[in-house]
Amino acid sequence: MFRYLTGGESHGPSLSAIIEGLPSGLSLDFDAIDLQLKRRQGGYGRGARQQIETDKVEIITGVRFGRTLGSPVTLLVRNRDFENWLDRMSVRPVDGETAPIVEARPGHADFAGMMKYDTDDLRNILERSSARNTATTVAVGAICRCLLSEFGIKVMSHVVAIGGIENRVSAPVDYREIEVKSELSPVRVADSAVEAAIIAAIDEAGGRGDTLGGVVEVAVTGCPPGLGSHVHWDRKLDSRIAGAIMGIQAIKGVEIGMGFGVAARPGSTVHDEIFHDESTGFSRSSNNAGGLEGGMTNGEPVVVRAAMKPISTLKSPLRSVNMQTLEQVTAHFERSDVCAVPAAGVICEAVVAIVIAEALIEKFGGDSITEMRRNFEGYTVAVEMKSKVSL
Ligand SMILES: Cc1cc2nc3c(=O)[nH]c(=O)nc-3n(C[C@H](O)[C@H](O)[C@H](O)COP(=O)(O)O)c2cc1C
């Protein structure tokens, strides 16, 4: 069984994660893991926090000489900003009181969290609801990517829209080309004209004290057919991917393949016809299903889109209520992003990589990477046999 948990507050000493269920003998690429953390910190429209932190992962258990041992892998990402918060975020009691934050931000976890956890200081809620902890999610995802790359599986993302400005991509899609171009873009958009319009929109929104949301697309190439299952809701890969994506802060919608677009079309223009050629095997001429049929991968790229709402901490704050005095006030403002859609794409990649790695371990599981590879190769041969005519 593969599972992981994260801990940590935004301005606490550090963030942490424990991963259990990785096979032994998996070689970890430490530079590649730190590169993913750097990608998460990037993107035009981010706040000052990203200049304070230079996230690096420390692996403190479960790895020896660069390879996993099969025991739990524990990760740490230190918060450099903690030194500025020693009193306000002290784990131990401190002398003197820190003034509580009481002006709940509409759209944040503040109001509901204060009710649920019976606190008068919304810092107790915002420290964990903050997207800072996605640094560890991305680190876990980066370790899962090391596993996926052993089996030729790659995960990429790009930004499809910000603030209503769309970056349309037409079929057939060359994900490798989009990846190369969007990696060079500060808003992770492959089209330079759209990039310029989006940057102008972020500047304009920031100037008004406002924020912007958008849409990102993740594509996974190289998945064998048959990851996930059709038999129960919680084994369906589309359900698990959607749950993981919705678990990211500020994500409010998920689409697989053509997504909501399927609802208005006849079946003849939605479903991806199946072809067969003796030399190349099975193929499709479209991928509207986004690589998933019946909750299982079908061998085509897995394509997932996520809609992110605009950031809810506004420099020109919305109206709210002082939770102590019940007076009408403006919401709390604290150093914040104007737009974090490009970073959300990197986080979406990470959670999709985690779900695919989990499904891969389920299907080809073994205690070691050698055993997993053997199971994978046996299955690949069986799949190839099915694409030959049996007389
Ligand atoms: C990469 C990323 C960065 C974010 N940065 C901020 C931020 O600077 N300020 C803020 O108020 N919310 C930010 N958010 C969103 C909040 O964490 C989120 O809206 C909040 O936890 C409430 O959860 P919900 O939007 O899922 O309901 C960010 C989200 C992501 C994914």
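**How the ligand shell and the sheet are called**

Biologist: By class, the shell around the ligand holds nine nonpolar, seven polar and four charged residues. What makes a residue count as charged?

Modeller: Asp, Glu, Lys and Arg count as charged; Ala, Val, Leu, Ile, Met, Phe, Trp, Tyr, Cys and Pro are nonpolar, and the others, Gly among them, are polar. Mind you, this is a predicted model: local features need pLDDT of at least 70, side-chain atom pairs count only at pLDDT 80 or more, and totals for chains, interfaces and linings use all residues. Residues are numbered from 1 along each chain as its sequence is written, and side-chain values use heavy atoms, with hydrogens and water left out.

Biologist: What makes the Lys252 contact with the ligand a polar one?

Modeller: A polar contact is a pair of N or O atoms within 3.5 Å (within protein, one must be able to donate a hydrogen and the other to accept it, and residues adjacent in sequence count only if both atoms are side-chain atoms). A polar side-chain atom of Lys252 lies 3.1 Å from a ligand oxygen atom, so the pair qualifies. Backbone N or O atoms do it too: one of Ser129 lies 2.9 Å from a ligand oxygen, and one of Asp337 lies 2.9 Å from a ligand oxygen.

Biologist: Why are S9 and S15 called paired?

Modeller: Two strands pair if DSSP finds at least two bridges between them. Seven bridges join S9 (residues 214-221) to S15 (residues 302-308), so they pair, running antiparallel.

Note on methods: Helix = DSSP H or I, 4+ residues; strand = E, 2+ residues; numbered from the N terminus.
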